[in-house]
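Okay, my turn, thanks everyone. Let me put the structure up and then walk you through it.

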Amino acid sequence: MSRSRSGGGTRAADMSAVSMLRPGAGNPATRPELTPQLESAVRHRIDAALQALRAAKAEFPSIAFANSFGAEDMVLTDLIHAHGLGIDMFSLDTGRLPPETYTLMADVEARYSTRLAVFFPDAAAVESYVREHGVNAFYGSVDLRKACCRVRKVEPLRRALAGRAAWITGLRAAQSATRTELAPREYDAAFGIEKFNPLADWSEAEVWAYIRIHNVPYNALHDQFYPSIGCAPCTRAIAVGEDIRAGRWWWEDASLKECGLHVKTS
Ligand code: SF4
């Protein structure tokens, strides 16, 4: 295992590594300027996303949006609230999130006058995992990392989705090698329900254009070379030219980088 801690071990280390990195997808300076063409493209994307969300809600009244507070999820959060779509929203708190994510969670509550529905891991399961394997055992092997994700993410997600017939995510096809064939709608065999990805075809430029046009709050780490943000110990900044998911579980092979929330089953 080659687990370089540079840019990923501690917040201080992250910040010192950032200063050595060149601009990448997480750098606001490299985000494209708003042009009439880009704004027009975003308007079309919004129309299509709203249509998809309304149709999904009509077909599955119990549908819920799983908000992990990434840039894409902030677009969906804004669409759902700004257009009064009446779609339930929930989030997972793994207990290992970076402080910037909690700041954003509070910002969301203030901006949209809402109280977040947050699901936590089962305390006994976390205690058991840590006692048996250690507090940062996820660095030890892919199996231990996946076991941690199961305890801290997958099981709470299963509880959050219980009784629901469908769910919504902010996944995009261009996000990683594991998502290139992402469909706007698919059957999620892992949870036995329908799954909607209304931003599947959006580009990163369109996501950031939406955020800028609508002044949507977003995670401060996105301005520090973190295009994709998960748990603090498993997320680092990226360098120019790196895949936008390169900072997630950076010590693992790219083909293995999913946490079990989004498993391709067909
Ligand atoms: S991302 Fe890391 S800390 Fe978070 S649940 Fe997965 S292995 Fe555990």
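So, when I say a residue is near the ligand, I mean that its C-beta atom, placed from the backbone, lies within 6 Å of it. And keep in mind that this is a predicted model.

With that cut-off there are 13 residues around the ligand, and the ones that come nearest are Phe-138, Cys-148, Cys-149, Cys-231 and Cys-234. What does that shell look like by class? You get seven nonpolar residues, two polar and four charged.

Now the overall layout. The protein has seven helices and six strands, and from the N terminus they go α-α-β-α-β-α-β-α-α-β-β-β-α. Out of 266 residues, 38% are buried. Also, if you take contacts between residues at least 6 apart in sequence, 74% of them join residues at least 24 apart.

On to the inside. The largest nonpolar core has 37 residues, and Val-75, Leu-76 and Ile-168 touch the most other members. Several elements give two or more residues to this core, including helix H2 (36-59), helix H6 (142-161) and strand E4 (166-168). The one that gives the most is H3, with six. Look at Val-75 for a second: beyond its neighbours within four places in sequence, Val-75 is in contact with Gly-170, Leu-199, Val-207, Tyr-210, Ile-211 and Val-216.

There's another core apart from that, with 18 residues, and Phe-138 and Cys-148 are among them, along with Tyr-129 and Leu-221. Yes, those are two names from the ligand shell.

Last thing: helix H5, residues 123-133. It's hardly covered, with one buried residue out of eleven. Right after H5 comes Gly-134, with a positive phi near 110 degrees.

How values were computed:
Residues numbered from 1 in each chain as written. Predicted model: local features only at pLDDT ≥ 70, side-chain atom pairs only at ≥ 80, totals over all residues. Nonpolar A, V, L, I, M, F, W, Y, C, P; charged D, E, K, R; others polar. Core = buried A, V, L, I, M, F, W, Y, C linked by C-beta atoms within 7 Å. Buried ≥ 20, exposed ≤ 12 C-beta atoms within 10 Å, placed from the backbone. Helix = DSSP H or I, 4+ residues; strand = E, 2+ residues; numbered from the N terminus. Contact = placed C-beta atoms within 7 Å.
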